[in-house]
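Colleague: Could you walk me through this one while I have it open on the screen?

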Amino acid sequence: MAEQQVNNDQAMQDMRLKANVEKIKHKIVVMSGKGGVGKSTVATNIAYGLALEGKKVGLLDADVHGPNIPLMLGIEGKKIANLAEPYQVHENLKVVSLSFYVGSSDDPIIWRGPAKTGAIKQLLADVNWGDLDYMVVDLPPGTGDEPLTIAQNIGKVDGTVIVTTPQNVALLDSRKSVKFSKLLNMPILGIVENMSGFICPHCGERVDIFKSGGGEAAAKELGVNFLGKIPMDPAIVEAGDSGKPFIYFNNGGIAAGIFTGIVDELITKSEGKTTEKKEEEKTGNSGGEKIMRIAFPTNDRVNVEEHFGHCKEFAIFEVEAGKILKTEFITPPPHEPGVLPKFLHEEKVNIIITGGMGQRAVDIFHSNEIDVILGASGSMEDVLNEYLGGDLYSKGSACNHDHDDDHECNH
Ligand SMILES: Nc1ncnc2c1ncn2[C@@H]1O[C@H](COP(=O)(O)OP(=O)(O)OP(=O)(O)O)[C@@H](O)[C@H]1O
């Protein structure tokens with residue numbers, strides 16, 4: 001009799017769970033081969049980024065042993081009045097963490113497999129998630145009970161995001177997650193290489209403290225998509241500790257741009273289309289396509305000259321909808337502070353791509369409505385194709401000496 005009651009209860013829970021997950025359009029599962037690689041940071045920023053794009057999002061912190069998400073969202077230790085209601089941290093973002101249901105946040109959670117499985121199923125079945133565009137699930141590291149429970153109960157998943165670090169062991173760490181995703185029929189949305197290089201807070205330049213590119217190489221070798229390299233940025237820790245995710249502050253820096261790019265790619269992959277807002281950002285125009293004029297300093301008409309202030313000429317590529325309409329070479333006036341930004345503004349240039357430049361010069365270009373991309377070297381054609389393919393981002397100054405035009409970083 002008692003056994004039948006248990007079976008009935010389980011069947012009822014399965015029905016509620018199914019009804020709940022059917023109301024969620026897209027599901028993204030964030031996982032990693034090992035701990036401490038920034039999985040929760042990536043999951044939180046993805047969820048918040050989707051919410052900022054106007055999507056209705058639920059973030060499920062399924063990391064039974066180290067639920068960090070409440071800390072990152074400033075709701076650590078908050079008591080939930082009604083345990084069936086998720087915590088609303090933004091008008092578009094609801095959060096549920098296992099930490100809501102245990103005593104102190106300092107208490108270690110020691111649960112065995114069946115208890116973990118039961119708790120996660122309950123969060124899916126009995127929390128009032130409502131209609132959602134996305135559910136983002138932050139899994140504990142590895143491939144244990146929790147990932148299995150999620151994969152078996154959440155229904156069709158858009159895919160997994162695998163977070164790793166830049167070192168060589170990334171391949172080893174990612175392999176298990178890739179295998180696990182494939183075994184459970186979860187498509188892989190891509191690998192994120194986190195803590196990849198360090199962004200100098202003084203000049204914004206990227207320094208590769210550890211090795212770089214492990215995650216990217218792992219993606220290549222495992223034949224899966226690479227979503228991007230997120231640098232180590234002190235602002236990410238500060239944001240995490242302040243209770244608002246990094247993407248919320250979007251400081252216009254490299255890491256913020258990469259996070260936003262990842263969110264964008266996930267939307268494209270999940271929904272098969274780019275957001276209208278992003279299209280506008282790409283074209284700079286809410287109507288038709290905008291013609292862009294992209295300038296490179298050059299001395300030989302082939303390669304990018306790293307020092308924009310001392311180039312013989314500027315190559316200007318006129319581009320529309322990713323196609324080069326024309327190329328011209330113009331001779332600049334003698335270099336004096338402020339002269340070249342004004343000159344290029346008059347030439348209707350929108351973007352300058354070069355090797356190095358001081359912050360003061362960058363600011364003057366910005367005040368002349370010209371975007372600056374730094375760290376470029378080699379053939380202009382390759383760099384332009386990288387830019388048009390969306391793979392080029394500003395890496396800070398490419399040169400490692402002080403610029404006469406006020407590059408002041410002394411790291
Ligand atoms: N790109 C980054 N730059 C600087 N700090 C970062 C970055 N990514 C994560 N961190 C910091 O590293 C710490 C660990 O990150 P996080 O909790 O996201 O890792 P995790 O992989 O989820 O860990 P766990 O194994 O406990 O689940 C946090 O303090 C976070 O703020």
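Colleague: Which residue of β11 does F296 stand opposite?

Modeller: F296 stands opposite A315 in β11, a strand being a DSSP run of E with at least two residues, numbered from the N terminus like the helices, which are runs of H or I with at least four. Please keep in mind that this is a predicted model, in which local features need pLDDT of at least 70 and side-chain atom pairs count only at pLDDT 80 or more, while totals for chains, interfaces and linings use all residues. Residues are numbered from 1 along each chain as its sequence is written.

Colleague: And how many bridges join β10 to β11?

Modeller: There are eight, and the two strands, of which β11 covers residues 313-320, run antiparallel; strands count as paired if DSSP finds at least two bridges between them. On β12, the bridge partner of A315 is F329, and β11 and β12 are joined by seven bridges, again antiparallel. These two form a hairpin with two residues between them, and A321 in the turn has a positive phi of about 50°.

Colleague: What's the strand order in the whole sheet, then?

Modeller: It is an open sheet of five strands, ordered β12-β11-β10-β13-β14, with mixed pairing. β12 (323-330) and β14 (371-373) are at the edges and have a single partner strand each, so one side of each lacks a neighbour in the sheet. As for the parallel part, β10 (residues 291-298) pairs with β13 (residues 351-353) in that sense over two bridges, and A295 stands opposite I352 in β13.

Colleague: Switching to helices: at what angle do α6 and α7 pack?

Modeller: Helix α6 (residues 170-183) and helix α7 (residues 214-222) pack at about 45°, their axes being 9 Å apart. That makes α6 oblique to α7, the word for angles that are not under 35 degrees (roughly parallel), over 145 (roughly antiparallel) or 65 to 115 (roughly perpendicular). The axes are lines fitted to C-alpha atoms over the stretch in contact, and angles run from 0 to 180 degrees between N-to-C directions.

Colleague: Which residues meet there?

Modeller: From α6 they are A170, L171, S174, R175 and V178, and from α7 they are G214, G215, A217, A218, E221 and L222, with contact meaning C-beta atoms, placed from the backbone, within 7 Å.

Colleague: Last thing, which residues come nearest the ligand?

Modeller: Of the 20 residues around the ligand, G35, G38, K39, S40 and T41 come nearest, where near means a C-beta atom, placed from the backbone, within 6 Å of the molecule. The elements that give two or more residues to this shell are α2 (39-52), β7 (188-199), β9 (226-232) and α8 (234-242).

Conventions
Two residues are in contact if their C-beta atoms, placed from the backbone, lie within 7 Å.
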